[in-house]
Amino acid sequence: MTLFGAIVLPKWLIGPEVIQIRNEEGNFTVLRHPSVGIYNRCKRMGRIEYNCGNFDLNGLLTDSTVFPVPWKFTMTLMCVGTMLLGLTLVSTLVTCCRLHSVYGFSMHKLLCIFQGVSAMLVLCGYLVYPLAWDAPRVRTLCGPDSEAYSPADCTLGVSIYLGAAGVLLTFLSTVLSRKAEAAYYSSKAQRRVIDGQVLVCVM
């Protein structure tokens with residue numbers, strides 16, 4: 001979910017501008033900041049309107065001046081990695097049905113491999129994103145001094161931290177899958193399986 005949130009939220013970079021939106025009915029003012037995500041942005045529209053929307057109108061075929069090439073790579077790598085991770089999550093349910101090997105390969109080992117691949121894909125997508133911080137779109141938001149890995153006047157948004165958390169959790173799941181395989185094939189666990197126990201907890 002952290003990776004999904006990082007992908008869809010337009011909060012990777014937060015601009016310095018403060019947009020005041022008055023609510024006449026509630027008699028209060030809401031403060032907003034323009035921001036940009038992988039494929040979407042939030043900005044001032046007109047004098048007081050604040051609008052969030054996508055700028056990848058043609059998907060990956062969108063002009064690179066609008067949708068920078070590094071962000072296209074980020075979008076592709078993070079989506080593929082997240083879908084692959086979701087597939088491994090569904091596959092873990094199969095291990096509950098006493099299916100622990102496929103064509104002679106341990107299910108835990110296969111899941112570990114796929115989780116490792118998905119973690120690397122997501123990490124690569126995450127690291128590619130700042131390469132486009134010198135794009136016109138980002139310089140308009142963050143200032144003319146913005147360059148790769150240096151967002152000038154912008155601050156990092158919540159999506160950056162969600163992405164980082166997602167990468168760390170993905171690598172953690174890889175380690176846990178490896179540990180699960182070692183625990184399942186331990187002599188202690190195998191004796192309990194042979195004895196007919198359905199649920200085996202190994203400490």
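1. The chain holds six helices and nine strands, where helices (H or I, at least four residues) and strands (E, at least two) are DSSP runs numbered from the N terminus. The model is a predicted one, in which local features need pLDDT of at least 70 and side-chain atom pairs count only at pLDDT 80 or more, while totals for chains, interfaces and linings use all residues. Residues are numbered from 1 along each chain as its sequence is written, and side-chain values use heavy atoms, with hydrogens and water left out.

2. Of the 203 residues, 36% count as buried, that is, under 20% relative accessible area with a 1.4 Å probe, protein chains only. Among contacts (heavy atoms within 4.5 Å) with a separation of 6 or more, 58% join residues 24 or more positions apart.

3. The largest nonpolar core, a set of buried Ala, Val, Leu, Ile, Met, Phe, Trp, Tyr and Cys residues joined through side-chain atoms within 4.5 Å, has 24 residues, and those with the most contacts inside it include Trp-12, Ile-38 and Trp-71. Two or more residues of this core come from each of helices H1 (2–8), H2 (69–95), H3 (107–128), H4 (136–142) and H5 (158–184).

4. Leaving aside neighbours within four places in sequence, Ile-38 touches ten residues by name: Ala-6, Ile-7, Trp-12, Phe-55, Phe-67, Trp-71, Thr-74, Met-75, Met-78 and Tyr-129.

Conventions
Buried < 20%, exposed > 50% of the residue type's maximum accessible area, 1.4 Å probe, protein only.
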